[in-house]
Amino acid sequence: SFQLSCLEFYTNVVNMPQFDAQELKMLRILQDEGRKPVSELAAEVGLSTTPCARRFEGLRKAGVIEGFGARLDREAVGLGIEVFVGVSLTAHDGHLPEQFREHVMRLEAVTACWAVTGGQDFLLNVMLPDVEALNRFLMQELLRIEGVRDVRTNLVLENVKRPGRLPLGHLTPA
């Protein structure tokens with residue numbers, strides 16, 4: 001499968017981003033309350049509105065803040081099941097991995113896709129209305145992608161902790 005080289009690991013650790021205490025506090029608050037007005041955010045981090053807005057914009061332009069969006073409840077919109085699908089490809093060189101990535105980007109039921117190490121090459125997060133829809137997705141879409149050798153599904157029984165917050169404890173104020 002795919003591996004992170006020692007050089008890539010070392011480069012990522014050495015090039016740790018630097019944030020001051022106010023920026024770290026801003027990031028923690030915004031992960032929970034992305035719609036918080038800048039005036040309230042400024043008060044919570046100990047800045048006036050203009051400098052807070054300037055720092056916010058700097059974080060956004062630097063790509064630290066990727067964007068904002070509403071989190072929807074999957075069951076409330078009729079998506080009764082959530083599944084993790086491990087996918088193994090027949091080959092790891094040539095065009096197959098890139099072709100698979102491009103194909104997955106077009107599948108609406110796939111809410112996230114990761115290239116992973118271990119027994120599979122990719123891990124997909126898939127949400128569908130019911131088991132029949134899952135069967136159609138697997139048989140008529142996923143297994144028909146060129147180069148897919150094997151799929152393994154894991155049905156989510158309970159979502160104990162939803163994704164969304166990034167851990168920031170490894171960052172210390174600059």
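Which residue in strand 3 is the bridge partner of F84? It is N125, and that pairing is a handy way into the sheet of this predicted model. The sheet is open and has 4 strands, in the order 2-3-1-4 with antiparallel pairing. Below you will find the sheet, the helix lying across it, the nonpolar cores, the aromatic pairs and the surroundings of R74.

**The sheet**

- Strand 2 (110-115) and strand 4 (148-155) are the edge strands, and each of them pairs on one side only.
- From one strand to the next, the twist averages 20°.
- Strand 1 and strand 3 are joined by 7 bridges in the antiparallel sense, and the F84 to N125 bridge is a good place to start looking at strand 3.
- Strand 3 also pairs with strand 2, again antiparallel, over 5 bridges.
- If you follow strand 2, you will see C113 standing opposite L124 in strand 3.
- The hairpin of strand 2 and strand 3 has 6 residues between the strands, and G118 takes a positive phi near 105° in this hairpin.
- Strand 3 is mostly covered, with 6 of its 7 residues buried.
- As general background, the strands of a sheet pair through backbone hydrogen bonds, in either a parallel or an antiparallel way.

**The helix across the sheet**

- Helix 5 lies across strand 1, strand 2, strand 3 and strand 4.
- Relative to strand 3, helix 5 runs at about 20°.

**The nonpolar cores**

- The largest nonpolar core has 22 residues, and the members that touch the most other members are V85, V87, F100, L124, F137 and L142.
- Strand 1, helix 5, strand 3, helix 6 (131-141) and strand 4 each supply at least two residues of this core.
- The most generous contributor is strand 1, which gives 5 residues.
- For a closer look at V85, set aside its neighbours within four places in sequence: V85 is then in contact with F122, L123, L124, V126, L138, L142, V151, R152 and T153.
- Another core, of 16 residues, lies apart from the largest one, and its members include L27, L30, L47 and L168.

**The aromatic pairs**

- How many aromatic pairs does the structure hold? There are 2.
- F56 and F68 form a stacked pair, at 6.1 Å centre to centre and with 20° between the planes.
- F56 belongs to helix 4 and F68 to the loop between helix 4 and strand 1, so this pair ties together parts that are 12 residues apart in sequence.
- The two partners differ in burial: F56 has a relative accessible area of 16% and is buried, whereas F68, at 47% relative accessibility, counts as partly exposed.
- F100 and F122 have ring centres 4.7 Å apart and planes at 40°, so this pair is tilted.
- The F100 and F122 pair links distant parts of the chain that are 22 residues apart, with F100 in helix 5 (residues 96-105) and F122 in strand 3 (residues 122-128).
- Both F100 and F122 are buried.

**Around R74**

- Is R74 buried or exposed? Its relative accessibility is 13%, and because the cut-off for buried is under 20%, R74 counts as buried.
- R74 sits in the loop between helix 4 (49-61) and strand 1 (81-89).
- The side chain of R74 makes a polar contact with the side chain of E82, at 3.5 Å.
- Leaving aside neighbours within four places in sequence, R74 is in contact with L79, G80, I81, E82 and M127.
- One of these partners, M127, is 53 residues from R74 in sequence, yet the two are 7.8 Å apart in space, C-alpha to C-alpha.

Key
Residues are numbered from 1 along each chain as its sequence is written. This is a predicted model: local features need pLDDT of at least 70, side-chain atom pairs count only at pLDDT 80 or more; totals for chains, interfaces and linings use all residues. Side-chain values use heavy atoms; hydrogens and water are left out. Buried means under 20% relative accessible area, exposed over 50%, partly exposed in between (1.4 Å probe, protein chains only). Contact means heavy atoms within 4.5 Å. Rings of Phe, Tyr and Trp (its six-membered ring) pair if their centres lie within 6.5 Å; planes under 30 degrees apart count as stacked, over 60 as edge-to-face and the rest as tilted. A polar contact is a pair of N or O atoms within 3.5 Å; within protein, one must be able to donate a hydrogen and the other to accept it, and residues adjacent in sequence count only if both atoms are side-chain atoms. Two strands pair if DSSP finds at least two bridges between them. Axes are lines fitted to C-alpha atoms, for helices over the stretch in contact, and angles run from 0 to 180 degrees between N-to-C directions. A nonpolar core is a set of buried Ala, Val, Leu, Ile, Met, Phe, Trp, Tyr and Cys residues joined through side-chain atoms within 4.5 Å.
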